[in-house]
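Please open the model in your viewer and keep the sequence panel beside it, since this tour moves from one selection to the next.

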Amino acid sequence: MNIIWLSIICLTTLYCIKTGNIDCINQVFVNVGKETFDFVIPLLCSVAFWNGVLYVARDAKIIAFLEKLAHPILKRLFPDIKEDNETLGYVASNVIVNMVGLGSAATPVGLKAMQGMQKHNPNKDEATRSMITFLVLNTAGVTLLNTTVIAIRSTFHSTNVTGFIPYAILATTFASFVGLLIDRWWNYRD
């Protein structure tokens with residue numbers, strides 16, 4: 001990937017020199033720091049705010065309540081680990097936190113869920129059925145509130161910052177449904 005980026009930079013620089021647009025290169029070098037700062041700071045603030053909301057929800061036992069609601073469904077989706085309530089709790093936390101668009105906060109819990117599933121894995125070099133199902137849920141999971149996209153749209157002064165949400169819910173629901181159907185079909189055909 002580094003070679004690709006270096007090639008793009010070199011080709012762009014050569015093109016600007018050849019066409020006499022050296023000012024473009026100078027403008028990029030001068031403005032790239034400010035533009036990056038202006039983009040990253042609001043994004044970091046948004047992530048910090050929503051992570052704070054997540055911790056408040058966790059302390060108010062809202063996350064625990066949602067995990068408890070998710071357990072019956074997850075026991076059906078993960079029959080290999082249905083007796084391991086700790087691992088199912090990590091899976092539920094990951095799915096719920098991803099639903100509210102806090103992927104950065106869901107990652108540590110997702111890693112703990114995978115470690116818990118690895119304990120039940122008879123062949124440590126291959127992913128289990130539960131691991132693959134979890135990966136499908138984690139990758140294509142339903143997202144009700146994508147906080148990162150909201151922050152990016154806000155940073156770029158979108159006129160309707162949350163206008164994409166119904167489409168995102170529809171797309172992620174469909175992706176989850178199709179992903180889980182394929183996962184079930186693949187597991188039951190053996």
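Two residues are said to be in contact here when they have heavy atoms within 4.5 Å of each other. The model on screen is a predicted one, and that should be kept in mind at every stop.

Begin with valine 91, shown together with its surroundings. Once the neighbours within four places in sequence are set aside, valine 91 is in contact with Leu74, Phe78, Ile81, Ala113, Met117 and Phe134. Val91 also belongs to the largest nonpolar core, a set of 14 residues in which Leu74, Phe78, Val91 and Met117 touch the most other members. To see where this core comes from, colour α3 (62–77), α4 (85–99), α5 (103–119) and α6 (129–140), which are the elements that give two or more residues to it. A second core, separate from that one and made of eight residues, can be found by selecting Leu54, Ile96, Leu102 and Ala106, which are among its members.

Now zoom out to the whole chain in cartoon view. The chain has eight helices and zero strands, so that the pattern read along the sequence is α-α-α-α-α-α-α-α. The radius of gyration is 22 Å, whereas the globule rule gives 16 Å for 190 residues, and the chain is therefore more spread out than a compact globule. Along its principal axes, the C-alpha trace spans about 70 × 40 × 30 Å. If you switch to a surface, about 12,700 Å² is exposed by the chain, with carbon and sulfur atoms supplying 69% of that area. Buried residues account for 31% of the 190 residues. Among contacts between residues at least 6 apart in sequence, 62% join residues at least 24 apart. Colouring by charge shows 15 positive and 13 negative charges, whose mean positions are 5 Å apart.

Next, select helix α8, residues 165–189, and start with threonine 172, which lies in this helix. Is threonine 172 buried or exposed? Its relative accessibility is 17%, and because the limit for buried is under 20%, threonine 172 counts as buried. Apart from neighbours within four places in sequence, threonine 172 is in contact with Ala140, Gly141, Val142 and Thr143.

Phenylalanine 174 has its place in helix α8 as well, but this residue is exposed, with a relative accessible area of 56%. A distance drawn between the C-alpha atoms of phenylalanine 174 and alanine 140 should read 8.7 Å, although the two are 34 residues apart along the chain.

Further along, aspartate 183 also lies in helix α8, and with a relative accessible area of 6% this aspartate is buried. Leaving out neighbours within four places in sequence, show Ile132, Thr133 and Val136, with which aspartate 183 is in contact. Leucine 77 is 106 residues away from aspartate 183 in sequence, yet their C-alpha atoms are 9.9 Å apart in space.

The last stops concern backbone angles. Most residues other than glycine have a negative phi. Lysine 61, in the loop between α2 (22–59) and α3, has a positive phi near 70 degrees, and at 58% relative accessibility lysine 61 counts as exposed. Histidine 157, in the loop between α7 (147–155) and α8, likewise has a positive phi, near 60 degrees, and is exposed with a relative accessible area of 68%.

Notes:
Residues are numbered from 1 along each chain as its sequence is written. This is a predicted model: local features need pLDDT of at least 70, side-chain atom pairs count only at pLDDT 80 or more; totals for chains, interfaces and linings use all residues. Side-chain values use heavy atoms; hydrogens and water are left out. A nonpolar core is a set of buried Ala, Val, Leu, Ile, Met, Phe, Trp, Tyr and Cys residues joined through side-chain atoms within 4.5 Å. Buried means under 20% relative accessible area, exposed over 50%, partly exposed in between (1.4 Å probe, protein chains only). Helices (H or I, at least four residues) and strands (E, at least two) are DSSP runs, numbered from the N terminus. The radius of gyration is taken over C-alpha atoms; the globule rule is 2.2 Å times the number of residues to the power 0.38. Accessible areas come from the Shrake-Rupley method with a 1.4 Å probe; for residues, only the protein chains shown count as cover. Lys and Arg count as positive and Asp and Glu as negative; His and the chain ends are not counted. The place of a charge is taken as NZ of Lys, CZ of Arg, CG of Asp or CD of Glu.
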